[in-house]
Amino acid sequence: MALNDERRATRGGIDDKLPSYRARYFQIVLGLTIAFAIVTIFSYRYVVWLTASSATEAGRREQTVALINDSLLQLYEVRQELHEFLLNPAPDSRERLTAASKRLDSTLSHLMVHDGQQPDRNIGTSAHALHDDAKLLDQRVVELIGIRSDPARWFAPAHLIENQLQSNNSLFTAELDALLESVTSGHDAVDSELSKSLYDLQKAWLRMIEEMHLMIADRFGVHSVDPPGDMQARADKLKLYATQINRLLGSLRLRYPDDRLLQGQLEILGGHAAAWQAAYTEMEQQLRDPAWRTDLAYLNQQIDPQLRAMQHRLDILRVQVQARGRVDTLSGIGIRVGNVLFAALGVMLLLGIVGYFSLDRRILRPIRTLAESLKADADGDATGPAPPPTVSETRDLLDAFAQMQAQVSSRERELDHLAHHDVLTGLPNRALFHRRLANAIDSAQQHGLLVGVLFMDLDRFKQVNDSYGHATGDAMLKEIASRLRKVFRQDDVIARLGGDEFAVLLENLRERDEMTRLAEKALNTIQRPYEFGGQLFYSGASIGIAVAPDDGADPDRLIQQADAAMYAAKQEEGSSYRYVSAQLTADAAARHALENELREAVRQHQLELHFQPVLATEDGHLHCYESLLRWPHAEQGMLRPASFMNALADAGLCSTISDWALDQIQTKRPNADAVISINLSARLLHDEDFAKRLFERLDNGRLVPTQLILEITEDTLETDLRAAERVLHELKRRGVRIALDDFGTGQSSLSHLRRFPFDYIKIDQSFVAGIGRVRNDEKLIQAIVRLAHALGMQVVAEGVETEVQRAFLVSEGCDYIQGYLVGRPAAGG
């Protein structure tokens with residue numbers, strides 16, 4: 001039958017073979033299973049993808065929020081640096097402001113690129129708008145820097161004062177002086193009335209000019225706490241003088257109508273006076289204008305509103321990003337909502353990419369091209385003219401750049417001179433000396449000659465400067481510069497490196513004998529007496545001599561070696577010279593450098609007092625604060641006294657620093673009633689002058705005895721015990737409390753506890769650190785506490801950092817504790 005069926009199908013195709021129900025059911029089930037499996041697989045993969053996408057999106061949102069927070073922080077720093085720059089438009093302030101603006105622009109650029117991937121269109125738009133705002137802010141900051149750097153731009157009356165008021169004042173004064181000269185020095189009898197009127201006119205004019213100067217000073221708040229009121233008072237006085245001047249000129253014209261020469265001179269004076277008064281009226285109007293300072297007006301009208309707008313946008317953007325995160329979390333409930341969000345994200349990404357390339361092509365690329373062209377022009381690498389501006393902002397940028405080039409060109413010579421010469425003495429400064437030294441070394445190497453560097457440091461100059469004032473010190477420096485010019489050859493370079501340090505460059509020498517002769521001659525001329533204000537002063541110098549190429553061919557190295565040689569000469573005997581030798585080791589040079597840095601830190605008032613609390617163990621109340629000396633070093637960070645005390649002693653500054661610290665604790669103490677403990681070397685108590693100053697502070701009330709604890713280190717008591725005992729007992733009698741610091745770490749002697757009137761014994765932190773670890777340290781602490789209590793003294797434990805240490809000290813009856821556990825040192829004031 002099957003064969004027949006096949007034949008029938010072959011013949012006519014009418015009776016095809018039919019599948020069974022089982023096959024159809026199997027096909028249906030198989031098809032549904034496959035379809036379900038496909039749907040399940042795709043659904044599972046989509047859910048996995050959606051989960052991963054949600055996690056990725058959450059991470060991106062966190063990064064966006066972090067970038068927004070960084071942008072707000074950078075925005076705050078720009079605002080702070082703007083105000084700092086307006087208060088002090090120094091180069092470092094300008095650099096900090098420019099750096100802050102660039103950091104803000106960089107952060108917003110990252111935010112723009114990052115938010116270009118966000119699914120929310122508004123977020124990307126806000127990021128792009130913020131980036132545009134940052135570019136505009138950067139332009140306005142540059143404009144503000146230009147305004148603040150040019151007095152004629154930020155102070156409107158400057159041009160009027162220079163071109164009108166000063167010129168007319170000079171003309172009027174010169175004409176009046178000539179008229180007075182002709183009246184008083186003529187061969188005929190002097191007209192006393194005319195002479196008196198002219199002198200009255202001169203006096204009124206000078207007073208009027210003085211009132212104008214005081215008015216300008218009042219406008220800046222120099223002499224007044226109420227600038228508008230004081231300016232009005234000055235204006236009223238000035239008008240009275242102007243009226244007096246006009247009245248005197250008028251009376252002179254009426255009194256001498258026939259004297260044509262006098263009438264002509266009076267006419268000239270009247271013209272100058274009228275021109276001056278007209279210019280003054282205009283200046284007064286400018287000074288009374290609320291926008292009299294262009295830089296502040298520009299800041300308030302242009303930059304501050306933009307900063308507030310950018311901050312508002314950042315706040316809104318942060319809210320948008322966080323809100324978007326909540327929406328995305330809820331949207332994960334259903335696939336349908338996920339599909340909608342996915343589509344929206346795709347559209348957002350597409351728009352972000354299109355917007356980014358559109359922004360880059362239409363705005364960023366032209367600005368970048370223009371900026372590169374201007375930079376090349378500024379660096380001197382330009383190959384052609386800058387591209388023509390396409391928008392008004394680029395045109396304004398080109399105009400500002402042209403103005404800046406003109407100003408730089410006009411002032412280049414003056415700035416070059418100021419940058420390479422000392423203002424006080426007129427000598428070359430360190431930068432010019434370094435450049436000339438490098439050139440001299442190159443030339444000497446070619447011709448086989450010697451180059452000498454004489455590094456001079458004046459002796460006893462600080463005493464003159466501190467005792468007789470900076471005016472006397474400046475006069476001495478100028479006199480020394482004048483003497484050195486006469487000593488050295490015309491081709492030698494004499495430079496002032498700073499303070500009381502000078503350097504001399506000796507070129508074209510074949511032997512060292514010539515350097516020695518000149519060094520001795522310089523010493524002799526510096527040691528000659530100086531006379532200022534009817535008093536004689538004496539000084540000397542220590543000179544270090546480095547020779548190239550014998551001591552090297554690097555300018556910095558030569559100067560450093562000459563400095564080290566000078567230091568060695570000063571340490572040996574002073575007022576002498578010394579050549580560089582192998583004995584001047586790197587350690588000596590390093591110590592000298594540290595001492596110089598320390599001197600400069602003291603001179604610049606860079607040292608600080610920090611205060612650490614000392615608490616009672618019984619009830620935890622504040623007992624006192626210990627004042628701790630700190631040095632915020634520019635390179636090494638915050639330094640403790642242990643790292644620079646030796647240099648401080650070598651520099652002879654212990655007494656100076658101690659006097660300074662005793663004065664500082666009155667003004668920098670954490671509160672007015674706080675008891676302050678301060679560390680003093682017992683060696684200072686042997687200094688009668690220092691002890692006298694200490695007693696004077698106690699007697700005149702600058703130091704309150706009951707609020708002062710003096711801590712004396714044990715190992716400094718060994719020298720002149722009698723003097724230290726006398727001073728300490730006198731301090732005790734006046735009510736000052738005395739503490740023995742670092743007990744047990746020096747040359748401990750029980751006789752010290754019996755001989756000196758100590759109120760406290762301070763246990764060194766090296767013993768406290770052993771609590772719970774070193775049994776002997778615990779036994780020593782127990783013995784110290786019992787010994788102190790037996791002698792009627794109280795105990796303070798230093799360096800307490802753990803609860804275990806506190807508990808042990810409390811259990812052993814220690815009275816007070818001090819350390820990071822109860823309080824870290826903090827700056828006072």
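User: Over the face of which residue does Arg-824 lie?

Analyst: In this predicted model, the arginine in question is placed at 4.0 Å from a ring centre. The ring over whose face Arg-824 lies belongs to Tyr-820.

User: In what order do the 5 strands of the open sheet stand?

Analyst: The pairing in this open sheet is mixed. Strand E2 (493-498) and strand E7 (577-579) stand at the edges, each with a single partner strand, so one side of each is left without a neighbour in the sheet. Neighbouring strands are turned by 20° against each other on average, direction ignored. The order of the strands is E2-E3-E1-E6-E7.

User: Which residue in E3 is the bridge partner of Val-493?

Analyst: E2 is joined to strand E3 (residues 501-509) by 5 bridges, and the two run antiparallel. Within E3, the bridge partner of Val-493 is Leu-505.

User: Which strands does helix H17 touch?

Analyst: Helix H17 spans residues 555-572 and packs on the sheet, its direction making about 140° with that of E6. The strands touched by H17 are E1, E6 and E7.

User: Are the rings of Tyr-577 and Tyr-579 stacked or edge-to-face?

Analyst: A pair of aromatic rings is described by the distance of the centres and the angle of the planes. For Tyr-577 and Tyr-579 the centres are 6.4 Å apart and the planes stand at 85°. Planes over 60 degrees apart count as edge-to-face, so the pair formed by Tyr-577 and Tyr-579 is edge-to-face.

User: Is Tyr-579 buried or exposed?

Analyst: The relative accessibility of Tyr-579 is 17%. Because the limit for burial is under 20%, Tyr-579 counts as buried.

Key: Residues numbered from 1 in each chain as written. Predicted model: local features only at pLDDT ≥ 70, side-chain atom pairs only at ≥ 80, totals over all residues. Heavy atoms only, no water. Pairing = 2+ DSSP bridges. Helix = DSSP H or I, 4+ residues; strand = E, 2+ residues; numbered from the N terminus. Axes fitted to C-alpha atoms, helices over the stretch in contact; angles between N-to-C directions. Contact = heavy atoms within 4.5 Å. Phe/Tyr/Trp six-rings, centres within 6.5 Å; stacked < 30°, edge-to-face > 60°. Buried < 20%, exposed > 50% of the residue type's maximum accessible area, 1.4 Å probe, protein only. Lys NZ or Arg CZ within 6 Å of the ring centre and 35° of its normal.
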